[in-house]
Amino acid sequence: MERSFEFLTEAFDAAREAKAAPVKMWTRGVPVDEPSKRQLLNTASMPFIYKWMAVMPDVHYGKGSTIGSVIPTIGAIIPAAVGVDIGCGMMAVRTSLVASDLPDTLLPLRSALERAVPHGRSVGRGKRDVGAWHNLPKATEEGWMGLEEGFRSIIEKHPKLASANTANHLGTLGTGNHFLEVCLDQEDRVWFMLHSGSRGVGNAIGTYFIERAKADMRRFFINLPDEDLAYFPEGTPNFDDYVEAVEWAQNFAMMNRQVMMSHAIEAARGVIEKPFEAHLEAVNCHHNYVAREHHFGKNVFITRKGAVRAAEGVMGIIPGSMGAKSFIVRGKGNLESFCSCSHGAGRVMSRAEAKRRFTVADHIADTVGVECRKDIDVIDETPKAYKDIDAVMAAQADLVEIVHTLRQIVCVKG
């Protein structure tokens, strides 16, 4: 049987001299730029990579390691590979509604969702941050109650983290590529879907421990191909503290999505006249995280930097860009990929390049039929800034099966 992945062979001799681990890439029919390939080889050269790295079809250049990488390690974790948006991921729920149950004009629905879920960011000059709560709603208070003790344990050892945004960001969307959408599936059933992570506190935890890892490398004179590959060896105090903090942040991210979803559904019920049930099908999955897993006879740490767990039968979400399709998928448990799949379409250009290349008119044309922002401030998220989601899905056909195909009709951006 023909294998579904390809080995990264560019600069193979140099990689072999550096004793780099193999890099298996599910990227047939999908472009991968040279900087990303070099970055993959840098990560693969780390001495604690287990077996090989798995690369998803949405792969693109990131900080230290490429986004779209599955990095198995024994005896060490690279904090920058997990990143600063710890636990970032997706949640989707199916409702009992169908398209004909929705109002003819969707702007009131988008407006209700925007009011229900803080999004974006405004700071400085005494402004109240529009992306944070100022009076905590009940669902946020209840969610924070289950997280507060763990956070207290973290800041007892690392008091610099005490000033991070915590409860006031629980149930908020953020900025950038984070979104809240209303979608229709192939049977015109209505879904709510959102994308966010651990918000300000996750950013603070990630940034803090990345700098500590870099300081450790300098202290022990460890040379790296990229300083953002700085790592914590297992058994050290920093390693143990980081694992505690990152697991807590991942739990925060999961709860953040649950609180947002409950507020979004409640808001929608105030606009949609027909009573409806939600959570008929629900998925809540990370795609920036580290987990303890068992692969090929060993207990290992799997860092998925822009990748989703796709063990056999496990449900996941692979979103497209604004105006493109998204997918609810079921994992096939492909061992070669460490049971993983892509986390989305993946960018083909930087945000700055997207703003240079595309106009508001381009964005309007590419988001026809979607009730969303159509202004200059969202050009960096326009559909053409991303890879072709159909090509991405074709490249990973042996990793997941498509269960539902969704199309956006309402999109709220941070």
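This passage walks through the overall build of the chain, one helix pair and three individual residues in a predicted model.

Starting with the whole chain, the protein has 11 helices and 17 strands. Its C-alpha atoms fit in a box of roughly 65 × 55 × 40 Å along the principal axes. A compact globule of 414 residues would be expected to have a radius of gyration near 22 Å, and the 21 Å found for the protein chain agrees with that. As for burial, 57% of the 414 residues count as buried. Contacts tell a story about sequence distance too: taking those with a separation of 6 or more, 75% link residues that sit 24 or more positions apart.

Next comes the helix pair. H5 (residues 138-145) packs against H8 (residues 237-269) at an angle of about 160°, and the two axes are 10 Å apart. Since angles over 145 degrees count as roughly antiparallel, that is what H5 is with respect to H8. The crossing itself is right-handed. On the H5 side, the contact is made by Ala 139, Thr 140, Gly 143 and Trp 144. H8 brings in Trp 248, Phe 252, Met 255, Val 259, Ser 262 and His 263. Sorted by class, that gives six nonpolar and four polar residues, with no charged ones at all.

On to single residues, beginning with backbone angles. Most residues other than glycine have a negative phi. Arg 199 goes the other way, with a positive phi of about 55°. This arginine lies in helix H7, which covers residues 199-219. Its relative accessibility is 14%, so Arg 199 counts as buried, the cut-off being under 20%. Phe 338 also has a positive phi of about 55°, again without being a glycine. Here the setting is a loop, the one between E15 and strand E16 (340-342). Phe 338 is buried as well, with a relative accessible area of 0%.

Finally, there is Gly 323, which turns up in the loop between strand E14 (315-318) and strand E15 (325-331). With a relative accessible area of 39%, Gly 323 is partly exposed, because that value falls between the 20% and 50% limits. Leaving out residues up to four places away in sequence, Gly 323 touches Asp 366, Val 370, Pro 383 and Gln 408. Arg 407 is worth a mention here too: Gly 323 and Arg 407 are 84 residues apart in sequence, yet their C-alpha atoms are 7.5 Å apart in space.

Methods. Residues are numbered from 1 along each chain as its sequence is written. This is a predicted model: local features need pLDDT of at least 70, side-chain atom pairs count only at pLDDT 80 or more; totals for chains, interfaces and linings use all residues. Side-chain values use heavy atoms; hydrogens and water are left out. Axes are lines fitted to C-alpha atoms, for helices over the stretch in contact, and angles run from 0 to 180 degrees between N-to-C directions. Helices (H or I, at least four residues) and strands (E, at least two) are DSSP runs, numbered from the N terminus. Angles under 35 degrees count as roughly parallel, over 145 as roughly antiparallel, 65 to 115 as roughly perpendicular and the rest as oblique. A crossing is left-handed if the near helix is turned anticlockwise from the far one by less than a right angle, and right-handed if clockwise. Contact means heavy atoms within 4.5 Å. Ala, Val, Leu, Ile, Met, Phe, Trp, Tyr, Cys and Pro count as nonpolar, Asp, Glu, Lys and Arg as charged, and the others, Gly among them, as polar. The radius of gyration is taken over C-alpha atoms; the globule rule is 2.2 Å times the number of residues to the power 0.38. Buried means under 20% relative accessible area, exposed over 50%, partly exposed in between (1.4 Å probe, protein chains only).
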